[in-house]
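Thank you all for coming; I would like to take a few minutes to walk through one structure. Please have a look at the model on the screen, and then we will go through it piece by piece.

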Amino acid sequence: MRTDLLRGGAAYLMLLAGAALAVAPLVLSAITAVKTPEQFGAGATLAWPNPVTGENFRTVLDQGLGRALAVTALMTACITLGQLVFSILAAYAFARTEFPGRDWLFWVYLATMMVPSMVTLIPLYLLFAKLGWLNTFWALVLPFVFGSPYAIFLLRQYFRGIPEELLGAARLDGASTLDVIVHVVVPMSRPVLATLTVITIVAQWNNFMWPLVASSGRTWQVLTVATANLQTEYNARWTLVTAATTLAIAPLVVLFVVFQRQVLRSISWTGLK
């Protein structure tokens, strides 16, 4: 009994240490963001600002970060919605629909995950340049909106665990394939869909390379590119840089807090399965 308590205590200490290491940069960034340059230069790094100021946030928002935040939110929302819709349809087809070459086609499509994104960057750029869609909203959205191999794989594995009896009962009641997906499969898959939503939002919110290549100027500049430009412009003014990074990180922290229960349920279900 005592040995188990010691092991449990050691495990919790390790988890707390890992959590502290993960949270410490966020806390440091937030503390620095509400300091004046004079406070940051004169006081200790972890000293609480006195007084707290929001001038750094106003400055970076006036420098175009506000527009970049709106563009990033719109881009992420469109891509996430498209990823969910098309991934659900494709995953259901691969999991529950019989057609020639289904498994072969699925594994070939899944193998594209092994292709580095840098390999497709130049062909994708040339394609959008030929179509005249560079520096438009569609250039940011279209390459990612029609699902992804990882999303389809994740949903396919989850859909295969849904009892066939439930789907068959819905069909006996006259439900079409779309009705089965909307009214049976999707409600039963809320945990994994929440997990996929979080993963997609985080990935697209942090997307940097393609938005940097596909857009120029501030019209369709996303948050990651705007923050990088601010870091270059205000290299020595760390209060402004941390204000920009804090604004970029804050929505993701709120997102995880909102969806954490669903994410944990998805992980628990996968482990039990």
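Let me begin with a definition: a residue is called buried when its relative accessible area is under 20%, exposed when that area is over 50%, and partly exposed in between. Glutamate 55, with a relative accessible area of 40%, is therefore partly exposed. Please keep in mind throughout that this is a predicted model.

Glutamate 55 has a partner, and its side chain meets that of arginine 58 in a salt bridge, with an N to O distance of 2.8 Å. Both residues lie in helix H3, 3 residues apart, which is about one turn of the helix. Arginine 58, for its part, has a relative accessible area of 48%, so it too counts as partly exposed.

Now to the overall picture. The protein has 13 helices and 0 strands, and its C-alpha trace spans about 70 × 70 × 35 Å along the principal axes. Of the 273 residues, 36% are buried, and among contacts with a separation of 6 or more, 74% join residues that are 24 or more positions apart. The exposed area of the protein comes to about 16100 Å², of which carbon and sulfur atoms supply 69%.

Turning to the interior, which residues touch the most other members of the largest nonpolar core? They are Leu155, Phe159, Val180 and Val185, within a set of 23 residues. The elements that give two or more residues to this core are H3, H4, H7, H8, H9 and H10, and the largest share, 6 residues, comes from H3. A second, separate core holds 18 residues, including Phe57, Val60, Leu65 and Val198. Coming back to phenylalanine 159, and leaving aside residues up to four places away in sequence, we find that it touches Ile88, Ala91, Tyr92, Ala95, Arg96, Val185 and Ser189.

Helix H3 also appears on the outside. Leu81, Val85, Phe86, Leu89, Phe146, Leu178 and Val182 form a nonpolar patch on the surface, with about 650 Å² of accessible area together. Helices H3 and H9 each supply at least two residues of the patch, and the largest share, 4 residues, comes from H3. Leucine 89 is placed in helix H3, and because its relative accessibility is 38%, it counts as partly exposed.

Let me return to the charged side chains, where the count comes to 5 salt bridges. Arginine 102 takes part in one with glutamate 98, at 3.7 Å from N to O, and in another with aspartate 103, at 3.3 Å from N to O. Is arginine 102 buried or exposed? At 13% relative accessibility, arginine 102 counts as buried, whereas glutamate 98 is exposed at 66% and aspartate 103 is partly exposed at 37%. Elsewhere, Arg96, Glu164 and Arg171 are linked in a network of salt bridges; Arg96 is also among the residues that phenylalanine 159 touches.

I will finish with threonine 242, which is placed in helix H13, residues 238–272. Its relative accessibility is 13%, so it counts as buried. Not counting residues up to four places away in sequence, threonine 242 touches Ser29, Thr32 and Ala33.

Note on methods:
Residues numbered from 1 in each chain as written. Predicted model: local features only at pLDDT ≥ 70, side-chain atom pairs only at ≥ 80, totals over all residues. Heavy atoms only, no water. Patch = residues over 30% accessible without salt bridge, like charges linked within 9 Å, V, L, I, M, F, W, Y side chains within 5 Å. Areas by Shrake-Rupley, 256 points an atom, 1.4 Å probe, with all protein chains shown as cover. Salt bridge = Lys/Arg side-chain N within 4 Å of Asp/Glu carboxyl O. Buried < 20%, exposed > 50% of the residue type's maximum accessible area, 1.4 Å probe, protein only. Contact = heavy atoms within 4.5 Å. Core = buried A, V, L, I, M, F, W, Y, C linked by side-chain atoms within 4.5 Å.
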